[in-house]
Amino acid sequence: MRVLRLSLPVCVVATVLPLWSADSSGSIPEVARLLTEVIRIDTSNPPGNEAKLAEFLKARFAPLGFEIDIVPTPQPGKAHFIARLRGDGSKKPVLIAGHEDVVGVEREKWSLDPFAGVIKDGYVYGRGAIDFKGGLAVFAQAVLDIARQKRPLARDIIFLAEADEEGGAYGTRFLADNAWDKIDCEFALNEGGWIIKDAAGKVQYVSISTADKSGISLLLTARGTSTHSSMPRPDNAIFTLARALAKLSEYDTKPRLTDSTREFFLTLSQTSTEPMKTHFRNLATSNDPNLVAAADKAISENPLLHAIMRNTIAPVLMNAGFRGNVIPGSAEATINFRTIPGTTQEELIEEIQHVINDPRVDVTPAPTAMSRGPVSPELQTALDARARLMSRVAESPKSGVLYEALVKQAKLTYPGARVTPYLFQAGTDAYAWRSKGVPVYGIYPYPISAQDLERMHGNDERVPIASLESGLKMITNTLLEVAGK
Ligand SMILES: [Zn+2]
């Protein structure tokens with residue numbers, strides 16, 4: 001385990017009483033135990049069933065003096081959980097938020113039960129271990145620890161566990177529309193940037209997200225003649241679609257850096273050895289297209305780095321045919337693009353039409369799809385509104401009390417690590433605050449390796465217990481610095 005040098009005279013984990021009685025796993029820290037319990041409440045969305053997790057959290061928070069609000073959604077079984085720890089009101093609240101729901105699993109591809117909260121080899125395994133039940137456990141534990149210690153606070157700390165982040169109609173936009181007074185704050189922490197470990201297990205850098213990528217989906221529709229499968233013609237729609245997809249698979253968009261991404265790559269340059277050091281610097285600063293292309297090629301070996309420098313292209317759904325002896329007249333594929341702020345749907349359609357270059361393939365806006373099959377009108381409206389809002393929000397400032405406290409505590413918790421702002425490679429629920437001008441800073445509060453990161457939304461998702469512990473210290477001390485008296 002990492003040795004920590006803290007500036008504050010408290011070692012939170014050591015000073016609180018364990019909630020659990022000792023057993024064979026008695027040495028497992030409280031935050032890891034909390035995570036196993038949270039994983040065991042299956043909140044795969046759809047349907048989510050987040051209300052069960054909200055009730056679980058209420059039982060933990062209520063006895064410690066929090067003011068609890070459970071905000072049910074119009075869809076039964078779902079709820080947002082809000083716990084407010086009162087300060088003296090001299091400063092505006094700080095909010096710390098994580099989502100309750102997780103994406104579903106391909107159960108047969110897991111080597112263990114994704115909803116059992118298994119602890120093995122120093123890791124907690126389960127759906128959401130990284131995204132975002134691990135973070136929810138760290139955030140909850142930090143706030144519970146501060147409450148137990150009865151630390152005097154200058155501002156309220158609001159802990160929020162959100163419904164419908166991974167899908168659904170009643171996420172933070174619904175909450176902001178219906179209960180803004182309960183989640184209004186000066187600034188907020190949410191999921192986002194990463195604490196990345198190198199191959200030797202040392203934290204290389206801490207990235208704090210100040211903006212998120214947003215998503216645009218396009219529908220490719222290939223058209224051909226619908227006929228008997230015994231007499232195929234050259235214009236088979238499925239072949240035409242396949243050729244279009246093959247062209248897309250060979251294509252990649254050009255790098256497009258934001259200020260934060262540029263700073264991020266310069267930070268990587270400072271922490272890397274050759275040849276990557278030069279590649280990172282060239283990507284961030286060079287005007288020579290050949291040097292940038294070479295840098296792009298080398299850096300893009302890493303899927304995360306590939307993603308944050310560009311609009312990414314991912315086919316996600318296909319639809320063609322209805323019976324075994326009919327050649328269908330059309331074939332469709334939905335392509336999900338994760339876009340750099342400022343990218344418009346129109347320019348993306350133009351770019352993709354140019355790449356496919358086939359008049360038999362239409363490229364049109366796709367409904368924002370979260371799953372196969374029909375979507376209710378309310379959900380479609382909510383998803384489209386979310387996508388529109390997300391594409392418009394401004395980046396949070398790389399300054400201010402919360403940002404600076406997080407930078408300071410990241411450096412104290414992970415000595416030697418660089419800290420940098422970051423454009424998060426996916427979307428989060430932060431837009432509900434950012435769209436109202438409230439700064440939101442994102443972090444997955446645990447050091448993680450690039451290999452483990454690939455398990456997020458994948459199989460055998462896991463987080464190291466030691467990482468949960470160090471992340472807890474960083475988050476607790478950040479909150480104390482921001483809200484303590
Ligand atoms: Zn998430």
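**Group meeting: a zinc site, ring pairs and nonpolar cores**

Let me begin with Arg 462, which lies over the face of Tyr 123, at 3.7 Å from the ring centre; a charge counts as sitting over a ring if NZ of Lys or CZ of Arg is within 6 Å of the ring centre and within 35 degrees of the ring normal. Lys 120 is likewise placed over the face of Tyr 125, at 5.4 Å from the ring centre.

Before I go on, please keep in mind that this is a predicted model, in which local features need pLDDT of at least 70 and side-chain atom pairs count only at pLDDT 80 or more, while totals for chains, interfaces and linings use all residues. Residues are numbered from 1 along each chain as its sequence is written, and side-chain values use heavy atoms, with hydrogens and water left out.

Now to the metal. The zinc ion is coordinated by His 99 (NE2), Asp 131 (OD) and, twice, Glu 191 (OE), at 1.8 to 2.7 Å, where donors are N, O and S atoms within 2.8 Å of the metal (3.2 Å for Na, K and Ca), and sites may look incomplete because water is not among the atoms. Two of these residues link distant parts of the chain, since His 99 belongs to strand S3 (residues 94-99) and Glu 191 to strand S7 (residues 187-197), 92 residues apart; strands are DSSP runs of E with at least two residues, helices are runs of H or I with at least four, and both are numbered from the N terminus. His 99 is buried, with a relative accessible area of 1%, and Glu 191 is buried too, at 3%; buried means under 20%, exposed over 50%, and partly exposed in between, using a 1.4 Å probe and protein chains only.

What about the aromatic rings? The structure holds 16 aromatic pairs, meaning rings of Phe, Tyr and Trp (its six-membered ring) with centres within 6.5 Å, called stacked if the planes are under 30 degrees apart, edge-to-face if over 60, and tilted otherwise. Trp 194 and Tyr 444 are stacked, because their ring centres lie 4.1 Å apart and their planes meet at 10°. Both residues are buried, and ring pairs link them with Phe 132, Phe 139 and Phe 424 into a cluster.

Finally, the largest nonpolar core has 90 residues, and Trp 194 is among those with the most contacts inside it; such a core is a set of buried Ala, Val, Leu, Ile, Met, Phe, Trp, Tyr and Cys residues joined through side-chain atoms within 4.5 Å. Its largest share, 10 residues, comes from helix H4 (residues 133-148).
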